[in-house]
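Hi,

Here is the structure I said I would pass on. Have a look at it first, and then read my notes below.

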Amino acid sequence: MIVIVPHNTTVEQAIGIVDRSADDLFEGAGGGAVELAERKKGWKGPLMDFSLTARVGFISLPIAGTVVVDEFNVTVHCELPTLVKTFVGEERIRSSVERKVRGMLKD
């Protein structure tokens, strides 16, 4: 899954915004029954690696990806597990993540 959202600020400011808001990026994307745990993130310049575990009942699914901030865009790249694509839907998660990124960049 790839989400690209333009920003109207500097790379440094966009990185700061993404860093402060990264924990909320996937919150609620899979519905209220999904718990997000073991969240990790790390920056190497304008590239943030992230990982988390999505839990529903006894099922735990690892999710990992990157966020890249360039002069014009914030790009989120994430490989969703097949179960997530099947039961939640990639488009639902993509639209939720895009809406959250747009929201965080407007603040």
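**Two hairpins and a one-sided helix**

Let me start with a turn: E3 and E4 are joined as a hairpin with two residues between them, and glycine 57 in that turn has a positive phi of about 60 degrees. Keep in mind that this is a predicted model.

The pairing behind that hairpin is antiparallel, with ten bridges joining E3 to strand E4 (residues 59-69). If you want a spot to check on screen, leucine 47 sits opposite valine 68 in E4.

On to the hairpin before it. Strand E2 (residues 35-44) pairs with strand E3 (residues 47-56), also in the antiparallel sense, over eight bridges. Here lysine 40 is across from serine 51 in E3. Again there are two residues between the strands of the hairpin, E2 and E3, and again a glycine in the turn has a positive phi: glycine 45, at about 65 degrees.

Now for the helix. Which residues of helix H1 (residues 11-21) are buried? They are Ala14, Ile15, Ile17, Val18 and Ser21. These residues lie on the same side of H1, because they cover an arc of only 165 degrees around the axis. Turn to the other side of H1 and you will find Glu12 and Arg20 exposed.

And what do the buried residues of H1 pack against? Their partners are E2, E3 and E4 from the hairpins above, plus strand E5 (73-79) and helix H3 (90-106).

Cheers

Definitions and conventions
Residues are numbered from 1 along each chain as its sequence is written. This is a predicted model: local features need pLDDT of at least 70, side-chain atom pairs count only at pLDDT 80 or more; totals for chains, interfaces and linings use all residues. Side-chain values use heavy atoms; hydrogens and water are left out. Two strands pair if DSSP finds at least two bridges between them. Helices (H or I, at least four residues) and strands (E, at least two) are DSSP runs, numbered from the N terminus. Buried means under 20% relative accessible area, exposed over 50%, partly exposed in between (1.4 Å probe, protein chains only). The arc is that of the directions from the helix axis to the C-beta atoms. Contact means heavy atoms within 4.5 Å.
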